Amino acid sequence: MKIECRSFGFKNGADAQADFVFDVRCLPNPFYIEHLKHKTGLDKPVRDYVLDCDDSKNYLNKIIEMLLIVLPIKEQYGIEKVTVSFGCTGGHHRSVTFAIMVCDALIKNGYDAVCFHRDIDVED
């Protein structure tokens with residue numbers, strides 16, 4: 001099974017092709033922190049900021065836990081590709097962080113997972 005973890009910004013439209021879409025706009029937004037505003041979730045300080053909140057850690061862990069239950073079921077029924085998408089406002093910070101973290105967790109659990117960031121090069 002191939003898994004694609006994607007990030008996107010809701011302001012550019014939702015990811016209509018995703019099997020799972022998680023809204024992470026409820027989490028702390030690095031856009032409002034001056035030294036993080038022009039960075040992305042590809043940068044460790046942004047990921048650290050997003051994941052410094054207990055709500056973020058709990059949400060991330062629950063998503064991973066749920067996927068580790070659902071993916072074997074999908075695999076059992078012959079599903080060969082699954083797309084898991086994360087959306088925040090602009091698609092630069094929180095969604096990128098979650099796509100990276102979930103992708104890494106899935107790889108560590110033996111899945112063939114890749115990460116794609118739809119809006120990371122889109123200018124505000």
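Thr-97 is buried, with a relative accessible area of 0%; buried stands for under 20% relative accessible area, exposed for over 50%, and partly exposed for what lies in between (1.4 Å probe, protein chains only). Thr-97 belongs to helix 4, which spans residues 94-108. Helices (H or I, at least four residues) and strands (E, at least two) are DSSP runs, numbered from the N terminus. Leaving aside residues up to four places away in sequence, Thr-97 touches Gly-41, Val-46, Arg-47, Val-50 and Leu-51, where contact means heavy atoms within 4.5 Å.

The model is predicted: local features need pLDDT of at least 70, side-chain atom pairs count only at pLDDT 80 or more, and totals for chains, interfaces and linings use all residues. Residues are numbered from 1 along each chain as its sequence is written, and side-chain values use heavy atoms, with hydrogens and water left out.

**Helix packing**

Two packed helices are described by the angle between their axes and the distance between the axes. Here the axes are lines fitted to C-alpha atoms, for helices over the stretch in contact, and angles run from 0 to 180 degrees between N-to-C directions. Angles under 35 degrees count as roughly parallel, over 145 as roughly antiparallel, 65 to 115 as roughly perpendicular and the rest as oblique.

Helix 2 (residues 44-51) and helix 4 have axes that come within 9 Å and cross at roughly 90 degrees. The two helices are therefore roughly perpendicular to each other. On the helix 2 side the meeting residues are Val-46, Arg-47, Val-50 and Leu-51, and on the helix 4 side they are Arg-94, Thr-97, Phe-98, Ile-100 and Met-101.

Helix 4 also packs with helix 3, at an angle of about 45 degrees and with the axes 10 Å apart. That angle makes helix 3 oblique to helix 4. Their crossing is right-handed; a crossing has this hand if the near helix is turned clockwise from the far one by less than a right angle, and is left-handed if anticlockwise. Helix 3 contributes Ser-56, Tyr-59, Leu-60, Ile-63, Ile-64, Leu-67, Leu-68 and Leu-71 to the contact, while helix 4 contributes Phe-98, Met-101, Val-102, Ala-105 and Leu-106.

**Aromatic rings**

Rings of Phe, Tyr and Trp (its six-membered ring) pair if their centres lie within 6.5 Å; planes under 30 degrees apart count as stacked, over 60 as edge-to-face and the rest as tilted. The count by this rule is five aromatic pairs. In one of them, Phe-22 and Phe-86 have ring centres 5.6 Å apart and planes at 20 degrees, so the pair is stacked. Phe-22 lies in strand 2 (residues 20-23) and Phe-86 in strand 3 (residues 81-88), so this pair ties together parts that are 64 residues apart in sequence. Both Phe-22 and Phe-86 are buried.

The rings of Tyr-59 and Phe-98 have centres 5.8 Å apart and planes at 50 degrees, so that pair is tilted. Tyr-59 is in helix 3 (residues 54-76) and Phe-98 in helix 4, so the parts tied together are 39 residues apart in sequence. Tyr-59 is partly exposed, at 24% relative accessible area, whereas Phe-98 is buried at 0% relative accessibility. Phe-22, Tyr-59, Phe-86 and Phe-98 form one aromatic cluster.

Another ring has a charge over it: the charged end of Arg-25 sits over the ring of Phe-10, 3.8 Å from its centre. This rule asks for NZ of Lys or CZ of Arg within 6 Å of the ring centre and within 35 degrees of the ring normal.

**Three further buried residues**

| Residue | Relative accessibility | C-alpha partner and distance | Separation in sequence |
|---|---|---|---|
| Arg-94 | 3% | Asn-29, 6.8 Å | 65 residues |
| Tyr-111 | 14% | Ile-3, 7.4 Å | 108 residues |
| Ala-113 | 9% | Thr-83, 9.6 Å | 30 residues |

Arg-94 lies in helix 4. Not counting residues up to four places away in sequence, Arg-94 touches Val-24, Arg-25, Leu-27, Pro-28, Asn-29, Pro-30, Val-50, Cys-88 and Thr-89.

Tyr-111 is placed in the loop between helix 4 and strand 4 (112-117). With the same sequence neighbours left out, Tyr-111 touches Ile-3, Leu-68, Leu-71, Pro-72, Glu-75 and Leu-106.

Ala-113 is found in strand 4. Beyond four places in sequence, Ala-113 touches Ile-3, Cys-103, Leu-106 and Ile-107.
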